[in-house]
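Reader: I would like a close look at one part of this fold, the sheet together with whatever covers it and ties it to the rest of the chain. Please take me through it strand by strand, with the contacts that matter for following the chain.

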Amino acid sequence: MVGTDCGAVVWQPEDIRWMRRALALADQAEAAGEVPVGAVLVLDDREVAVGSNQPITARDPTAHAEVVALRRAGEVLGAYRLSGTTLYVTLEPCTMCIGAIIHARVKRVVFAASDPKTGACGSVFALADAPEHNHHPEVVGGLLATEAGDRLRRFFRARRRARR
């Protein structure tokens with residue numbers, strides 16, 4: 001289900017609070033020269049782990065915000081199954097990230113901006129809903145989408161200008 005900032009989904013106050021935390025992490029990624037994406041993994045309304053994009057600084061193509069948060073959560077919780085958790089992320093997960101989310105058994109994914117180029121939660125692919133998987137996280141998008149999208153557009157606009 002994809003929501004919008006305009007009310008297609010009724011967002012809970014804790015959803016908004018956690019997405020704002022993810023947006024702050026996206027700002028940290030941008031300050032480090034990375035694409036501004038942040039993620040927060042929550043269990044019982046408590047922060048378990050966070051991540052921000054870092055494939056450039058880590059020299060690791062898998063160091064997307066979601067994967068960084070999932071790896072840290074595994075260490076914190078002492079398990080690779082993250083049942084009952086919610087992942088808040090500022091950009092719709094890609095195929096790699098939704099695959100990791102499914103394997104980790106994350107219960108719910110809340111994303112901000114849709115990704116019309118590589119989004120794997122409905123924009124380009126709908127992998128979370130693929131019947132072949134034995135786990136299907138609840139996925140809802142659009143929370144603070146304008147704020148997240150503005151960050152991404154500003155970032156890529158600046159990169160294009162710098163190349164000229």
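Author: Leu91 of β3 stands opposite Ala113 in β4, in a model that is predicted. That pair belongs to a parallel pairing of β3 and β4, which extends over 5 bridges. Between these two strands the chain passes through α4, and the resulting β-α-β crossover is right-handed. β4 itself is mostly covered, with 6 of its 6 residues buried.

On from β4, the next partner to consider is β5, with which β4 pairs in the parallel sense over 4 bridges. Within this pairing, Arg108 has Glu138 of β5 as its bridge partner. The two residues are joined through their side chains as well, since Arg108 forms a salt bridge with Glu138 in which the closest N and O atoms are 3.7 Å apart. Arg108 lies in β4 (residues 108–113) and Glu138 in β5 (residues 138–141), so this contact ties together parts of the chain that are 30 residues apart in sequence. The two ends of the pair are not covered alike: Arg108 has a relative accessible area of 18% and is therefore buried, the cut-off being under 20%, whereas Glu138, at 41%, is partly exposed. Asp15 joins them too, because salt bridges that share partners connect Asp15, Arg108 and Glu138 into one network.

Turning back to β3, we find a second pairing, this time with β1: 4 bridges join the two strands, which run antiparallel. Here Ala39 stands opposite Val89 in β3. β3 thus has a parallel pairing with β4 and an antiparallel one with β1.

β1 in turn pairs with β2 in the antiparallel sense, over 6 bridges, and in this pairing the partner of Gly38 is Ser52 of β2. The two strands form a hairpin with 2 residues between them, and Asp44, which sits in the turn, has a positive phi of about 55 degrees.

How is β1 covered on its two faces? In a regular strand the side chains alternate between the two faces of the sheet. In β1, Gly38, Val40 and Val42 are buried on one side, and Ala39, Leu41 and Leu43 are buried on the other. The strand as a whole is accordingly mostly covered, with 6 of its 6 residues buried.

Part of the packing around these strands comes from α3, whose buried residues pack against β1 (38–43), β2 (46–52), β3 (86–91) and α4 (95–104). The buried residues of α3 are Ala65, Glu66, Val67, Val68, Ala69, Leu70, Ala73 and Gly74. The geometry of this helix is consistent with its length: at 1.5 Å a residue, the 13 residues of α3 (residues 65–77) should span 18 Å, and the C-alpha atoms at its ends are indeed 18 Å apart. After α3 comes Gly78, which has a positive phi near 70 degrees.

Leu70 of α3 and Leu41 of β1 both touch Val106, whose other contacts, leaving aside residues up to four places away in sequence, are Leu82, Thr85, Thr86, Leu87, Ile101, His135 and Pro137. Val106 is also prominent in the largest nonpolar core, for among its 46 residues Met19 and Val106 touch the most other members.

Two further salt bridges reach α1, and the first of them brings us back to the hairpin. The side chains of Asp45 and Arg17 meet in a salt bridge at 2.6 Å, N to O. This pair links distant parts of the chain, with Asp45 in the loop between β1 and β2 and Arg17 in α1 (residues 13–31), 28 residues apart. Both partners are partly exposed, Asp45 with a relative accessible area of 40% and Arg17 at 41%.

The second of these contacts joins Arg151 and Asp27, whose side chains meet in a salt bridge at 2.7 Å, N to O. Here the link is between Arg151 in α5 (residues 145–163) and Asp27 in α1, which lie 124 residues apart. At 15% relative accessibility Arg151 counts as buried, while Asp27, at 31%, counts as partly exposed. Altogether the model has 9 salt bridges, including the contacts of Arg108 with Glu138, Asp45 with Arg17 and Arg151 with Asp27.

Notes. Residues numbered from 1 in each chain as written. Predicted model: local features only at pLDDT ≥ 70, side-chain atom pairs only at ≥ 80, totals over all residues. Heavy atoms only, no water. Expected span 1.5 Å × (residues − 1). Buried < 20%, exposed > 50% of the residue type's maximum accessible area, 1.4 Å probe, protein only. Contact = heavy atoms within 4.5 Å. Pairing = 2+ DSSP bridges. Salt bridge = Lys/Arg side-chain N within 4 Å of Asp/Glu carboxyl O. Core = buried A, V, L, I, M, F, W, Y, C linked by side-chain atoms within 4.5 Å. Right-handed = clockwise from strand over helix to strand, strands pointing away.
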